[in-house]
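Please take a moment to turn the structure about and look for its helices and strands before reading on. The paragraphs below move from pairs of strands to a helix, then to aromatic rings, and end with the whole protein.

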Amino acid sequence: MAENVRTLIIGSGPAGYTAAIYSSRASLSPVVYEGMEPGGQLTTTTIVENYPGFSEGVDANMLMDAMKKQAMRFGADIRRGRIKSIDLSSRPFLAVDDKGNEILASSVIVATGAIAKYLGLPSEQKFRGLGVSACATCDGFFYRKKTVAVVGGGDTACEEATYLANLCSKVYMIVRRDVLRASKAMQERVMNTPNIEILWGCNTQEILGDMNGVTGARLVANDGKVFDIMIDGFFLGIGHHPNSDLVKEWVNTDENGYIITDGTSSKTNVEGVFAAGDVQDPHYRQAITAAASGCRAALDVEKFLLENNE
Ligand code: NDP
């Protein structure tokens, strides 16, 4: 028999856990499915130095664990596993988890996050967290006065490169064509930053390193020439993939798959379905902004259930 749940939260990054804290304190008895990566994207980094309240920084896994415990203290039911399918065509919504359990949810918060795209090189995985990063704002600080490379030519790569150029002595941009995809304004910012050098028409063949981490990258130019650059850090800037596949049959998304929410609220086009965190945020993608949107989603759900006497 299906289990009745007032609020189902799908995802366990800062957005999901914050939604769980707020909704459990409001006695909504939320059930949270942690998904494939408990704690979310943040757990792929090491120290978080920009989350307010931690003057010395905080270990990412510890931060997420603390958020989880905080939610559990107020009664959130946090479960391992993922929601395999969900039918949002009518309320209550029928969700099925990966063990086949059925849940009938009066409201849903989608906080499934996004995933950075990687090139798919084995060496990229080997040095992940040891010089390979997909988040300049998270990890750039560790490369102060050092040399780094950013791969990609879109707005993300340009933003990462200009951010890193403020910290690092030199930033290479590895761009596979001879043009940038980024907006004109972003392109101008890159062009006007003297310590950014664009390596046009180049692809990364391998990331080089030793037991201490990244030391360089082997590039292949479009004319076939292979050459190495010496770097301390390698940043991916080739885009993100929002994890909206589960709901996109019903929930409106933009052309890149990000869930569209109504103004500053967390409401989607489906009544009773709310979205929070990176799955609906192509721009900021910070732990603190995700947490804030999780808070908004919980408050929106509370109001929604109250208005519907549920
Ligand atoms: P984009 O898809 O716009 O750009 C991806 C870039 O990475 C392209 O230059 C692409 O090259 C390159 N790339 C993709 N795959 C590979 C690969 N395997 N090897 C090498 N290079 C690769 O993604 P973004 O994340 O930059 O932007 C996504 C959306 O978010 C856009 O609409 C953007 O405008 C928006 N955005 C806006 C920001 C802002 O306004 N501040 C900040 C960040 C993003 P190619 O061009 O050859 O395809």
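Two strands are said to pair when DSSP, the program that assigns helices and strands, finds at least two bridges between them. With that in mind, and remembering that this is a predicted model, begin at strand β7, which covers residues 93–97 and has 4 of its 5 residues buried. On one side β7 pairs with strand β6 (residues 83–87) in the antiparallel sense over 4 bridges, and within this pairing D87 stands opposite L94 of β7. The two strands form a hairpin that leaves 5 residues between them. β7 also pairs with strand β8 (residues 102–110), again in the antiparallel sense and over 4 bridges, and here A95 has I103 in β8 as its bridge partner. The hairpin of β7 and β8 has 4 residues between its strands, and in its turn G100 has a positive phi of about 90°.

Further along the chain, strand β14 (residues 202–210) runs antiparallel to strand β15 (residues 213–221), and 8 bridges join them. In this pairing G209 stands opposite V214 in β15, and the hairpin formed by β14 and β15 has 2 residues between the strands. β15 is joined in turn by 5 bridges to strand β16 (residues 226–230), which runs antiparallel to it, with F227 in β16 as the bridge partner of L219. The hairpin of β15 and β16 has 4 residues between its strands, and G224 takes a positive phi near 95° there.

Now turn to a helix. Which residues of α6 (residues 184–191) are buried? They are M186, Q187 and V190, and because they fall within an arc of 100° when seen down the axis of α6, they line one face of the helix. A general rule is useful here: an α-helix has 3.6 residues a turn, so residues three or four places apart point the same way. The buried residues of α6 pack against α5 (155–165), β12 (170–174) and β13 (196–199), whereas the face turned away from the buried side carries the exposed residues K184 and A185.

Side chains can also link parts of the chain that are distant in sequence, and a search of the whole structure finds 3 aromatic pairs. In one of them, the rings of Y143 and F235 have their centres 5.5 Å apart and their planes at 85°, so the pair is edge-to-face. Y143 lies in the loop between α4 (136–139) and β11 (147–151), while F235 lies in strand β17 (residues 233–236), so the pair ties together parts that are 92 residues apart in sequence. Y143 counts as buried at 11% relative accessibility, and F235 is buried with a relative accessible area of 0%. F274 and F304 form another edge-to-face pair, with 5.8 Å from centre to centre and 70° between the planes. This pair links strand β19 (residues 273–275), where F274 lies, to helix α7 (residues 287–307), where F304 lies, and the two residues are 30 residues apart.

Finally, step back to the whole protein, which has 7 helices and 19 strands. Its radius of gyration is 21 Å, which agrees with the value near 19 Å that a compact globule of 310 residues would have. Buried residues make up 51% of the 310 residues, and among the contacts with a separation of 6 or more, 60% come from residues 24 or more positions apart.

Terms used. Residues numbered from 1 in each chain as written. Predicted model: local features only at pLDDT ≥ 70, side-chain atom pairs only at ≥ 80, totals over all residues. Heavy atoms only, no water. Buried < 20%, exposed > 50% of the residue type's maximum accessible area, 1.4 Å probe, protein only. Arc of directions from axis to C-beta. Contact = heavy atoms within 4.5 Å. Rg over C-alpha atoms; globule rule 2.2 N^0.38 Å. Phe/Tyr/Trp six-rings, centres within 6.5 Å; stacked < 30°, edge-to-face > 60°.
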